[in-house]
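Subject: A structure for you to look at

Hi,

Here is the structure I promised you. Have a look at it in your viewer, and then read on for what turned up.

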Amino acid sequence: RMATPQPNPAHSAPRRLFIRRMAVAASSIVLMALAWMMWPVAPQEEWITLETHDTPQQEVQLPDGSIIGLNSHSSLAYFIQEDGIRQVKLKGEAFFEVAPDSDRPFRVQTAEGTVTVLGTAFNVRAYPDEEFEEVTVHEGKVAFNPEGTDEKTVLIAHQKATYQKSSQTLTPAWD
């Protein structure tokens, strides 16, 4: 009859320590993988761009209910966003009928300035090859702020403002 060898306590301690370290390392890797998978990912900006070439005016309805009549030779990019600012970028000319939402302002960004909508229907003319940009208000009120200035002009129904690019002057007038 053969005797089974008894484990030597001096030899099993390093083995238990090795197994413990491997278990800690494996659980750390699992925890890091779970944290990475559950980490909230910031939503990417999703700009949708529409362009008109020689076509006549094209009507677009934005997800917020605003209706935009985009003139020929124009482009409009709009940003889909759950909350915050409703914003579009315009090159060319468009007529806006903005859906009211006092909690989320509506902004039209052009090469030379920003039009902030305060509830209205208005037209923006901002062709890159012209020497001016123009905002004409049909209903309601907008604020026009030329790029790079602190100057802001509030326009009401039947008013317009023309921004001369070369002289960087903003001239309000009655339509």
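What share of the 175 residues in the chain is buried? The answer is 33%. Bear in mind while you read that this is a predicted model.

**The overall layout**

The chain has 11 strands and 1 helix. If you walk along the sequence, you meet the helix and then the strands, in the pattern α-β-β-β-β-β-β-β-β-β-β-β. Take the contacts in the chain with a separation of 6 or more: 38% of them are between residues 24 or more positions apart. As for the outside, the accessible surface of the chain is about 11900 Å², and carbon and sulfur atoms account for 56% of that.

**The aromatic rings**

This is a fun part to click through. The structure contains 2 aromatic pairs. One of them joins phenylalanine 96 and phenylalanine 106: their ring centres are 6.2 Å apart and their planes sit at 65°, so this pair counts as edge-to-face, since planes over 60 degrees apart get that label. Phenylalanine 96 belongs to strand E5 (residues 86–97) and phenylalanine 106 to strand E6 (residues 106–109), so the pair ties together parts 10 residues apart in sequence. Both phenylalanine 96 and phenylalanine 106 are buried.

Now swing over to phenylalanine 122. Its ring and that of phenylalanine 96 have centres 4.9 Å apart and planes at 10°, so this pair is stacked, the label for planes under 30 degrees apart. Phenylalanine 122 lies in strand E7 and phenylalanine 96 in strand E5, so here the parts tied together are 26 residues apart in sequence. How buried are these two? Phenylalanine 96 has a relative accessible area of 0%, and phenylalanine 122 also comes out at 0%. Put together, Phe96, Phe106 and Phe122 make one aromatic cluster.

There is another ring to look at, in tryptophan 47. Lysine 89 lies over its face, 4.4 Å from the ring centre.

**Threonine 162**

You will find threonine 162 in strand E10 (residues 159–164). Is threonine 162 buried or exposed? Its relative accessibility is 16%, so it counts as buried, because the cut-off for buried is under 20%. Leaving out residues up to four places away in sequence, threonine 162 touches Phe132, Glu133, Glu134, Thr169, Leu170 and Thr171. With glutamate 134 there is also a polar contact, side chain to side chain, at 3.2 Å. If you want a distance to try out in your viewer, go from the C-alpha atom of threonine 162 to that of alanine 173: the two are 11 residues apart along the chain and separated by 8.1 Å.

**Glutamate 130**

Where does glutamate 130 sit? Look in the loop between strand E7 (113–126) and strand E8 (132–146). Glutamate 130 has a relative accessibility of 19%, so it counts as buried as well. Its side chain makes a polar contact with the side chain of arginine 125, at 2.6 Å. Not counting residues up to four places away in sequence, glutamate 130 touches Arg125 and Lys165.

If you only have a few minutes, start with the cluster of Phe96, Phe106 and Phe122, and then look at glutamate 130 in its loop.

Cheers

Notes: Residues numbered from 1 in each chain as written. Predicted model: local features only at pLDDT ≥ 70, side-chain atom pairs only at ≥ 80, totals over all residues. Heavy atoms only, no water. Helix = DSSP H or I, 4+ residues; strand = E, 2+ residues; numbered from the N terminus. Buried < 20%, exposed > 50% of the residue type's maximum accessible area, 1.4 Å probe, protein only. Contact = heavy atoms within 4.5 Å. Polar contact = N/O pair within 3.5 Å; in protein donor to acceptor, adjacent residues only side chain to side chain. Areas by Shrake-Rupley, 256 points an atom, 1.4 Å probe, with all protein chains shown as cover. Phe/Tyr/Trp six-rings, centres within 6.5 Å; stacked < 30°, edge-to-face > 60°. Lys NZ or Arg CZ within 6 Å of the ring centre and 35° of its normal.
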